[in-house]
Amino acid sequence: MATLLDEHKQRRLKRITQSIIGLPTLPTVITQLMTLIDSPKTSGRQVAQLISTDQALTAKILKLANSSFYGFPREISTVQHAVVILGFETVKSLGLSVSVLQRFSGPSDNTYFDRQGFWEHSIACGVSARLLAGKLRYRLPGEAFAAGILHDVGKLILNQYFPTEFAQVIERMRAEDLYIGKAEELVLGLTHSDVGSWLAEKWNLPGQLVDAIGYHHAPGRLTRNAELPALIHLADFLCRREGIGDGGGTRMPTLDPAALQVFGIREEPKAALRRIFTYGEELRREMEKADAFTRLARGETDEDSPPPAEASSEAGEDPEPDAGPEVAPLLTHALPEPRPARGRASRLHP
Ligand SMILES: [Fe+2]
Ligand SMILES: [Fe+2]
């Protein structure tokens, strides 16, 4: 994990976060899951056993695993089965996403922050990251999905613990037509990415996720392991362009060209972005399938939701563990093997 902040920001972050009392925690089972996953010796069986100790989480995971988002033709009836079918990585990411979604579900307490819109944007970014993972040959679509869901989590913390300042951020963003990160810098001296990565560290999330949250607006600041932050950076653009949910105002963030270089895309940034935007239709189709996640974020109970689609038993072999949506990697003709980003990226629109 890289050191994200300069000294000045570190001090500011410390001052701000020290005043946070009663930080939301993740359920113990998820914390244990993160530790378990960190060990290379962990088996799928151990993961399944741990998740099974939490009945509510198990039920949620099974419901989502059986939703059309994953599109498996046969019913997945146990967590063990889910680990085999969806893969270790996807079940872990799903558990984490479900826990955070539930922890912060339902409407916001204040009027200036649209939490429903926030979650719609975040889920869209997760769906978009999973979609782009297929296009750009990022090998962990489940991880990409969780990173997308969590990328803006810092905004939830700012909204919950600094409502007055965050209201000023939103007000300034709207009044001056600023990108939200710029308004946060002006009002708070740091951004939701800084606060989000701090929280992710507190939660002991894997380093890849901490970096994806901390660098999703500037992946070029990483000198290595920039793939996931770069993927989230591009996914964020795609879902903001499609106008799904509330990504924070109408002003788009600045494109970091390093995000393209990470995936070996050598096209001129605007042209590359235009090409990424052509996946908008597919994103919308995938979003429809991700409805079960949106309902979870709205705080709807199981009784509110329609029964899952009938699982057909006539299909043949189970497909590969979650390989993301079935799409041809359209960008690949422009893509040599991924290589790490180097140095600090130049800005497209300074
Ligand atoms: Fe963001
Ligand atoms: Fe975002």
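This briefing walks through the helices, the core and a few individual residues of one protein chain. The model is predicted. The secondary structure of the protein chain consists of 18 helices and 0 strands, so helices and the loops between them are the things to look for as you turn the model. Of its 350 residues, 47% count as buried. Take contacts between residues at least 6 apart in sequence: 73% of them join residues at least 24 apart.

**An enclosed helix: α8**

- A good place to start is helix α8, which covers residues 141–150.
- Here 10 of the 10 residues are buried, so α8 is largely enclosed by the rest of the structure.
- The buried residues of α8 are P141, G142, E143, A144, F145, A146, A147, G148, I149 and L150.
- Which helices do the buried residues of α8 pack against? They pack against α6 (88–103), α7 (115–135), α9 (153–161), α13 (207–214) and α14 (227–241).

**α8 beside α6**

- One of these partners deserves a closer look: α6 and α8 pack at an angle of about 15°, and their axes are 8 Å apart.
- Angles under 35 degrees count as roughly parallel, and α6 and α8 are therefore roughly parallel to each other.
- Their crossing is left-handed.
- On the α6 side, the contact is made by E89, T90, S93, L94, L96, S97 and V100; on the α8 side, by G142, E143, F145, A146, I149 and L150.
- By class, the residues of the contact of α6 with α8 divide into 7 nonpolar, 4 polar and 2 charged.
- A general point may help you read such lists: an α-helix has 3.6 residues a turn, so residues three or four places apart point the same way.

**The core and residue A129**

- The largest nonpolar core has 100 residues.
- Which members of this core touch the most other members? They are I61, A129 and L231.
- Helix α7 gives the most to this core, with 10 residues.
- Follow A129 outward, leaving aside its neighbours within four places in sequence, and you find contacts with A144, F145, A147, G148, L231, I232 and A235.
- Among those contacts of A129, A144, F145, A147 and G148 are buried residues of α8.
- In soluble globular proteins in general, nonpolar side chains tend to be buried together.

**α7 against α14**

- The axes of α7 and α14 come within 8 Å and cross at roughly 120°.
- These two helices, α7 and α14, are therefore oblique to each other.
- The crossing of α7 and α14 is right-handed.
- From α7, the residues H121, A124, C125, S128, A129, L132 and A133 take part; from α14, they meet L231, I232, L234, A235, D236, L238 and C239.
- Sorted by class, the contact of α7 with α14 has 11 nonpolar, 2 polar and 1 charged residues.
- Both A129 and L231, met above in the core, appear in this contact.

**α3 against α5**

- Helix α3 (residues 44–52) and helix α5 (residues 79–86) pack at an angle of about 140°, with axes 8 Å apart.
- Roughly antiparallel needs an angle over 145 degrees; α3 and α5 are therefore oblique to each other.
- The crossing of α3 and α5 is right-handed.
- Here G44, R45, V47, A48, I51 and S52 of α3 meet V79, Q80, V83 and V84 of α5.
- The residues of this contact of α3 with α5 divide into 6 nonpolar, 3 polar and 1 charged.

**Three residues to find yourself**

- R137 sits in the loop between α7 and α8, and has a positive phi of about 60° although it is not a glycine.
- Is R137 buried or partly exposed? With 15 C-beta neighbours inside 10 Å, R137 counts as partly exposed.
- D177 lies in the loop between α10 (163–175) and α11, and has a positive phi of about 50° although it is not a glycine.
- There are 11 other C-beta atoms within 10 Å of D177, so D177 is exposed.
- L186 is part of helix α11, which covers residues 180–188.
- Because L186 has 14 C-beta neighbours inside 10 Å, L186 counts as partly exposed.
- Where along the chain is V169 relative to L186? The two are 17 residues apart, and their C-alpha atoms are separated by 8.0 Å.

Technical notes:
Residues are numbered from 1 along each chain as its sequence is written. Chains are lettered from A and ligands numbered from 1 in the order in which they are written. This is a predicted model: local features need pLDDT of at least 70, side-chain atom pairs count only at pLDDT 80 or more; totals for chains, interfaces and linings use all residues. A residue is buried if 20 or more other C-beta atoms lie within 10 Å of its own, exposed if 12 or fewer, and partly exposed in between; C-beta atoms are placed from the backbone. Helices (H or I, at least four residues) and strands (E, at least two) are DSSP runs, numbered from the N terminus. Two residues are in contact if their C-beta atoms, placed from the backbone, lie within 7 Å. Axes are lines fitted to C-alpha atoms, for helices over the stretch in contact, and angles run from 0 to 180 degrees between N-to-C directions. Angles under 35 degrees count as roughly parallel, over 145 as roughly antiparallel, 65 to 115 as roughly perpendicular and the rest as oblique. A crossing is left-handed if the near helix is turned anticlockwise from the far one by less than a right angle, and right-handed if clockwise. Ala, Val, Leu, Ile, Met, Phe, Trp, Tyr, Cys and Pro count as nonpolar, Asp, Glu, Lys and Arg as charged, and the others, Gly among them, as polar. A nonpolar core is a set of buried Ala, Val, Leu, Ile, Met, Phe, Trp, Tyr and Cys residues joined through C-beta atoms within 7 Å.
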